[in-house]
Amino acid sequence: MTRFALEANFDGLVGPTHNYAGLSFGNVASANNANRVSNPREAALQGLAKMKALADMGYAQGVLPPQERPSVALLRTLGFSGDDGTVIREVARSAPALLGAACSAASMWTANAATVSPSADTSDARVHFTAANLCSKLHRAIEHETTSRVLRAAFPDEARFAHHDALPGWPSLGDEGAANHTRLCGAYGERGVEFFVYGRDDLATAAAPRRFPARQTLQASQAIARLHGLNEADVVFAQQHPDAIDAGVFHNDVIAVGNGNVLFCHAQAFLDQAAVLATLRERLATQGTSLEVVEVSAADVSMEDTVGSYLFNSQLLARSPKAGGGMRLVVPQECRERPAVWRYLESLVASGGPIRELHVFDLRESMRNGGGPACLRLRVVLTDEERQATHAGLWMDDARYATLTDWVKRHYRDRLAVADLADPALLNECRTALDELTQLLGLGSSLYPFQRVS
């Protein structure tokens, strides 16, 4: 019997060291904005405003805390020694690129935090989480241990939630999390089709990008499907189009987004796209669900506009029956600023198709580093019982929003240049802020490395 379930969004709270160090090769926005001055306070407030707006619309909206940065532990493993201030000053002097990696606030993009399979899909009827190893980038490869602790604290009931450590950080098992994973279904509580998109098959000679690296491997996606106990008949693997990767589509969620039985994608999202869509339709049809595909041609939206606007890095959200059903699309302000994209979106909503409503958000601080609305959230399908078993302190409401907004305004700088990362005082500011945050969210005092040092 189908159980009622909903899709919850858990957004990453932007951390105090949000900066533009240009660390992510293959991410056009990250490279183009390298060395600009950032505003961590504004970045965090923009993210919180989106969370609050979605909660006010009636969606289940949670928040996940940022990670400790700079990561002095990383720097010590690389041979730097002395007290924390000495380590930071020496790295800034002799290896500034390493300091940039150690200070990255990229954990705010929780679409990369993990891959999640709901209990309706798994063999043991638990929600499964696998933290992403993110091994293609140093500044992200250091996240998964804290990510695992955060997810275990957020979803602690072992009878309902299963947590897997990140895959080994080998190139053949490169895993970028839910940014390359979409679940399609009828009702959320019904068995669905889990759609894994990879950039390369590391054990075969096949089409591959030539300019930028393919970060997700088929082998990683297959391993996660096995770990989660998914039925082979309900899993589809597809290769991301190499030309899209070379155009700056470093994750699948920059060129496609799905929800329920709707898939919104560019015509150049997948290799052999017609066959991929046919397979998805067939798999969903066996479950009694018809797939609705909104496929955008290059004539309507060019690849340049796709990457520049982050049109597909939007949140596709189901509207309530009272609102008339269908989907609403949460897009970044940059979509409105690109005439071709905005014309397309206006015609899309007027077309009578499944996407019936637009919401525009200013997330410019995140966008300059290459992350839009969809990058900022991890989707978790939960039954009523599973939602009750989720850590209560993470759900967004009026009180939580007011508390976190006040916390950000008290602790975050409103200006951060790359050169400022060399200031040892920044580390103390971050630790003070995060120590308070764990108390505000009810997460205890052992979440971060600095809290666990005796």
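Glu176 has contacts well away from its own stretch of chain: leaving aside neighbours within four places in sequence, Glu176 is in contact with Ala111, Asn112, Ala132, Leu134, Ser136, Arg215, Gln216 and His251. I should say at once that this is a predicted model. Glu176 sits in the loop between strand S5, residues 161-164, and strand S6, residues 181-184. Its relative accessibility is 2%, and since buried means under 20%, Glu176 counts as buried.

One of those contacts, His251, leads to the annotation. The UniProt record, an unreviewed entry, places the feature "active site" at Glu176, His251 and Cys375. How are these positions, spread over 200 residues of sequence, arranged in space? They cluster, and the largest C-alpha distance is 11.4 Å.

Cys375 also lies in a loop, here between helix H14, residues 364-367, and strand S15. Cys375 is buried, with a relative accessible area of 2%. Not counting residues up to four places away in sequence, Cys375 touches Met108, Trp109, Thr110, Ala111, Asp253, Asn313 and Gly370. Ala111 therefore deserves a second look on the screen: Ala111 appears among the contacts of Glu176 and among those of Cys375, both of which count as buried.

Strand S15 takes us to the sheets. S15 belongs to an open sheet of three strands, in the order S2-S1-S15, with mixed pairing. Which strands stand at the edges of this sheet? They are S2, residues 61-64, and S15, residues 377-383, each pairing on one side only. From one strand to the next, the twist averages 30°. Strand S1, residues 5-12, pairs with S2 in the parallel sense over four bridges. Asn9 has Gln61 as its bridge partner in S2.

Another open sheet of three strands has the order S9-S10-S11, again with mixed pairing. Strand S9, residues 256-259, and strand S11, residues 292-296, stand at its edges; each has a single partner strand, so one side of each is left without a neighbour in the sheet. Neighbouring strands here are turned by 10° against each other on average, direction ignored. Strand S10, residues 262-266, and S11 pair in the parallel sense over five bridges, and the partner of Phe264 in S11 is Val294.

I now turn to the helices. Helix H2, residues 40-56, lies across S1 and S2 and runs at about 155° to S2. H2 also meets helix H16, residues 398-411: their axes come within 10 Å and cross at roughly 175°. Why are H2 and H16 described as roughly antiparallel? Angles over 145 degrees count as roughly antiparallel, and the crossing of H2 and H16 therefore falls in that class. On the H2 side, the contact is made by Arg41, Ala44, Leu45, Leu48, Ala49, Lys52 and Asp56. H16 contributes Asp398, Tyr401, Leu404, Thr405, Val408 and Lys409. By class, the residues of this contact divide into seven nonpolar, one polar and five charged.

Finally, there is helix H7, residues 144-154, in which Thr146, Thr147, Ser148, Val150, Leu151 and Ala154 are buried. Against which elements do the buried residues of H7 pack? They pack against S2, strand S3 (114-117), strand S4 (127-131), S5, S15 and helix H18 (449-452). That list returns us to S5 and S15: the loop holding Glu176 follows S5 on its way to S6, while the loop holding Cys375 runs between H14 and S15.

Key: Residues numbered from 1 in each chain as written. Predicted model: local features only at pLDDT ≥ 70, side-chain atom pairs only at ≥ 80, totals over all residues. Heavy atoms only, no water. Pairing = 2+ DSSP bridges. Helix = DSSP H or I, 4+ residues; strand = E, 2+ residues; numbered from the N terminus. Axes fitted to C-alpha atoms, helices over the stretch in contact; angles between N-to-C directions. Contact = heavy atoms within 4.5 Å. Parallel < 35°, antiparallel > 145°, perpendicular 65-115°, else oblique. Nonpolar A, V, L, I, M, F, W, Y, C, P; charged D, E, K, R; others polar. UniProt positions renumbered as here; feature names shortened; annotations may be inferred. Buried < 20%, exposed > 50% of the residue type's maximum accessible area, 1.4 Å probe, protein only.
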